[in-house]
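Okay, thanks for making time, everyone. I'd like to walk you through one structure today, so have a look at the screen.

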Amino acid sequence: MPFTPGMEAVGEVIALGPGVTDRKVGEVVGYAGGPMGSYTEEQILPANKVVPVPPSISPSIAASVMLKGMTAQFLLHRCFKVEPGHTILVQAAAGGVGSLLCQWANALGATVIGTVSTKEKAAQARDDGCHHVIIYKEEDFVARVNEITSGNGVDVVYDSVGKDTFQGSLACLKTRGYMVSFGQSSGTPDPFPLSVLAPKSLFLTRPSLMQYTATRDELLETAGEVFASIASGVLQVRVNHTYPLSQAAQAHADLESRKTSGSVVLLP
């Protein structure tokens, strides 16, 4: 302490620092990734870290999608460029990023395979554009992917689960496939020799949003594509829970006990 959590927010500009000319008081802006400290009523931010939020998108929707949406954008368009004809595997397909990956990849013309933990999440994944949904607690996802792809494997795996799925994800890839490990909700994957990649000449990357929005132009382009995809209906964002900022601790308790789904927004 003192410590203020939170890494994304949307709000109204109430004052400008010296020399700031590309923003104006009253404008609605958002940011994601840093600096930390968004659990607050007012926040001082570097002007080059914020992006304008279009009037067509509500602040609540924008706040819920900044980090997850920009992550989905760079994963699908730049980390590995998903195109019509590709087959992809999304681990945790009903999660925050997973849901957006499925919707966006489907719109891009890919065949989408997703893994989930429950029948309820399977229904959501299908709604989000998953062509094949695997409930990994009921069946071996590696064997199922092999069956779905007729033994060929997938072009790319988007894996935010980490330790529990890492080796299986590698096994699902086709020759020269891409393993995109962008999270570790189950823990950090175990170390492994690089020679494991050799039999199929696999690619492996561990990307972070910060390196893909390092320049002002990259940040504006990434956020702009997210907002455009929401406006066009390509992305449906679920804000299923809102809490007053004063109840942030309760929001975290509900997250930890899996009482929430979709996005959770704190309202000052």
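**Strand 8 and its surroundings**

Let's start in the middle: strand 8 and strand 9 (residues 203-205) run parallel, and three bridges join them. One of the links to look for is Val-180, whose bridge partner in strand 9 is Thr-205. Before I go on, please keep in mind that this is a predicted model.

Now the other neighbour. Strand 7 (residues 154-159) also runs parallel to strand 8, and here five bridges do the joining. On that side, Val-157 has Met-179 of strand 8 as its bridge partner. If you trace the chain from strand 7 through helix 5 (residues 166-171) into strand 8, you've followed a right-handed β-α-β unit.

So what sits at the end of strand 8? Strand 8 covers residues 173-181, and Ser-181 belongs to it. Is Ser-181 buried or exposed? Ser-181 is buried, at 5% relative accessible area. Leaving out residues up to four places away in sequence, Ser-181 touches Asp-159, Phe-166, Thr-205, Arg-206 and Pro-207.

Next, the rings. How many aromatic pairs does the structure hold? There are four aromatic pairs. One of them is Phe-74 with Tyr-212, a stacked pair with 4.4 Å centre to centre and 20° between the planes. That pair reaches across the chain: Phe-74 is in helix 1 (residues 59-79), Tyr-212 is in helix 6 (residues 209-212), and they're 138 residues apart. Phe-74 is buried, with 1% relative accessible area, while Tyr-212 counts as partly exposed at 21%.

Back to our strands for another pair. Tyr-178 and Phe-203 have ring centres 4.4 Å apart and planes at 10°, so they count as stacked. Tyr-178 is in strand 8 and Phe-203 in strand 9, 25 residues apart. Tyr-178 is partly exposed, at 26% relative accessibility, and Phe-203 is partly exposed too, at 40%. Ring pairs also bring in Phe-80, making a cluster with Tyr-178 and Phe-203.

A word on cysteines. How many disulfides does the structure hold? Zero. Cys-102 has the sulfur of Cys-130 as its nearest cysteine sulfur, 3.5 Å away, and is in no disulfide. The cut-off is 2.5 Å, so that pair doesn't count. Cys-102 is buried, with a relative accessible area of 0%.

Last, the annotation. An unreviewed UniProt entry lists residues 1-266 as "domain: Enoyl reductase (ER)". Over that stretch, the chain is 32% helix and 20% strand, with the end C-alpha atoms 21 Å apart.

Note on methods. Residues numbered from 1 in each chain as written. Predicted model: local features only at pLDDT ≥ 70, side-chain atom pairs only at ≥ 80, totals over all residues. Heavy atoms only, no water. Helix = DSSP H or I, 4+ residues; strand = E, 2+ residues; numbered from the N terminus. Buried < 20%, exposed > 50% of the residue type's maximum accessible area, 1.4 Å probe, protein only. Contact = heavy atoms within 4.5 Å. UniProt positions renumbered as here; feature names shortened; annotations may be inferred. Pairing = 2+ DSSP bridges. Right-handed = clockwise from strand over helix to strand, strands pointing away. Phe/Tyr/Trp six-rings, centres within 6.5 Å; stacked < 30°, edge-to-face > 60°.
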